[in-house]
Amino acid sequence: MKTKILFLVAIVFLQLSCTSQSKKINGLSFVASRDSININHIKPVLKTKGNFVALMPYSFIRNIEIPKIEFNTNREWFGESENGLFQYAKEFKKVGVKIMIKPHLWLRRGGFTGDLKANSEENWVILENSYRNYILTYAKAAENINAEILCIGTELEEFVVNRPEYWQQLIIEIREVYKGKLTYAANWDEYKRLPFWQQLDFIGIDAYFPLSEKKSPTVADFELGWKTHKEEISRVQQKNNKPVLFTEFGYRSVDFTGRRPWEFNRMQGSVNLEAQANGLQAIHNQFWKEDWFAGGFVWKWFHRHDKVGGLENNRFTPQNKPAEELLRKLFHK
């Protein structure tokens with residue numbers, strides 16, 4: 001009898017452990033394209049055992065001196081538009097993959113969105129009104145497609161810290177049309193200064209933290225680099241009592257990938273497939289076991305799986321690299 005009881009206890013513990021793991025968001029940032037998608041584009045996502053995708057409609061500011069946001073224009077790729085979002089989401093929903101809608105803003109003449117701020121009160125009104133129109137359009141879309149999560153903005157630090165009352169009111173307006181979970185994608189050096197985490201469901205972080213100066217960091221090197229950053233993330237989490245979601249995370253398959261992981265314009269650099277995989281393994285080791293951690297979205301995944309990535313590619317995508325095989329193992333746990 002004692003042996004039987006111990007066996008049943010072990011089974012229950014195993015089931016609880018598996019349930020805890022299965023609740024994690026094992027997501028991929030699915031890049032918008034010119035084209036519609038079908039099951040052939042989705043099969044590689046399913047093969048990774050991913051349970052979420054981030055779909056990313058875009059808006060644009062042509063001239064930051066007059067910061068009016070444009071979206072759903074005929075200049076955009078299909079996947080960047082509202083119609084594209086609906087089509088992509090429909091195909092993923094058919095096969096049980098969950099959705100985070102994560103709108104992005106692009107400055108046509110370059111520049112980092114985190115530095116975006118208006119140069120007059122008149123232009124603040126232009127920016128705020130056009131952003132409200134943009135994000136409420138996608139809040140309504142998120143409700144219509146039953147998206148599980150809506151990200152209300154991506155790396156907009158100066159906009160947020162200069163106009164906190166606007167954002168706090170905007171969240172209230174978003175809640176009126178969208179009933180799912182909300183987050184915001186804060187840059188890795190931004191998340192500690194945001195005023196509205198209490199109003200959201202997740203503390204969202206684009207997790208490109210500098211972790212190692214080494215040319216080819218090991219898993220242990222990456223984990224050591226996480227120590228201070230993880231402590232700071234944990235403090236913000238405890239202060240706000242909200243789960244943490246890595247709205248983006250990932251590493252290029254290039255030498256020194258842990259030094260400035262946010263860099264994407266530097267095309268040169270020797271391919272380093274092992275360093276990319278080590279970074280992904282370390283971030284999983286450090287965070288997926290934490291109860292307060294919700295999961296995250298790997299940056300980034302393209303719809304034409306057979307045409308991207310590969311052993312000679314030094315960019316972010318894990319596709320057709322050892323990192324892809326690693327993700328299958330990590331997401332399957």
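Okay, let's start with the pocket: the largest pocket here is lined by 40 residues, and the ones nearest its centre are Y58, W106, F264, W299 and K300. Keep in mind as we go that this is a predicted model.

Which elements give two or more residues to that lining? They're β3, residues 58-61, then β6, residues 104-107, and β11, residues 293-301. Of the elements, β6 gives the most, with 4 residues. The volume of the pocket comes out at about 1400 Å³. If you're wondering how anyone finds a pocket at all, rolling a probe the size of a water molecule over the atoms shows where empty space is left. As for what kind of residues sit around this one, the lining splits into 18 nonpolar, 11 polar and 11 charged.

Let's stay with β11 for a moment. K300 lies in this strand, and the peptide bond leading into K300 from W299 is cis, with omega near 0°. Why point that out? Most residues other than glycine have a negative phi, and most peptide bonds are trans. And remember, W299 and K300 are both among the residues nearest the pocket centre.

G295 is in β11 too. Is G295 buried or exposed? It's buried, because its relative accessible area is 0%, and the cut-off for buried is under 20%. Leaving aside neighbours within four places in sequence, G295 is in contact with I25, V244, L245, F246 and W288. For a sense of distance, G295 and G84 are 211 residues apart in sequence, and their C-alpha atoms are 26 Å apart in space.

Next, helix α2, which runs over residues 39-47. Its buried residues are H41, I42, P44 and V45. Why do they end up on the same side of α2? Because they cover an arc of only 150° around the axis. The background is simple: an α-helix has 3.6 residues a turn, so residues three or four places apart point the same way. On the face turned away from the buried side of α2, you'll find the exposed residues N40 and K47. And what covers the buried residues? That includes β1, residues 25-30, β2, residues 52-55, α3, residues 82-94, and our friend β11.

Now look at the two ends of α2. At the N-terminal end, N38 acts as a cap, with a side-chain oxygen 2.9 Å from the backbone nitrogen of N40. Just after α2 comes K49, with a positive phi of about 70°. K49 is in the loop between α2 and β2, and it counts as partly exposed because its relative accessible area is 43%.

There's another positive phi to show you. E155, which isn't glycine either, has a phi near 50°. You'll find E155 in the loop between β7, residues 149-154, and α5, residues 157-162. With a relative accessible area of 13%, E155 is buried.

Last stop, W262. Where is W262? In the loop between β10, residues 244-249, and α8, residues 273-287. W262 counts as partly exposed because its relative accessibility is 28%. Not counting residues up to four places away in sequence, W262 touches W188, Y208 and P210. And W262 and N187 are 75 residues apart along the chain, with 9.5 Å between their C-alpha atoms.

That's my tour, thanks for listening!

Methods:
Residues are numbered from 1 along each chain as its sequence is written. This is a predicted model: local features need pLDDT of at least 70, side-chain atom pairs count only at pLDDT 80 or more; totals for chains, interfaces and linings use all residues. Side-chain values use heavy atoms; hydrogens and water are left out. On a 1 Å grid over the protein atoms alone, a cavity is a set of points where a 1.4 Å probe fits but cannot get out, and a pocket is an open set with protein on both sides within 12 Å along at least five of seven lines; lining residues have an atom within 4 Å of a point. Grid points are joined across faces, edges and corners, and a volume is the space filled by probe spheres set on the points. Ala, Val, Leu, Ile, Met, Phe, Trp, Tyr, Cys and Pro count as nonpolar, Asp, Glu, Lys and Arg as charged, and the others, Gly among them, as polar. Buried means under 20% relative accessible area, exposed over 50%, partly exposed in between (1.4 Å probe, protein chains only). The arc is that of the directions from the helix axis to the C-beta atoms. Contact means heavy atoms within 4.5 Å. A polar contact is a pair of N or O atoms within 3.5 Å; within protein, one must be able to donate a hydrogen and the other to accept it, and residues adjacent in sequence count only if both atoms are side-chain atoms.
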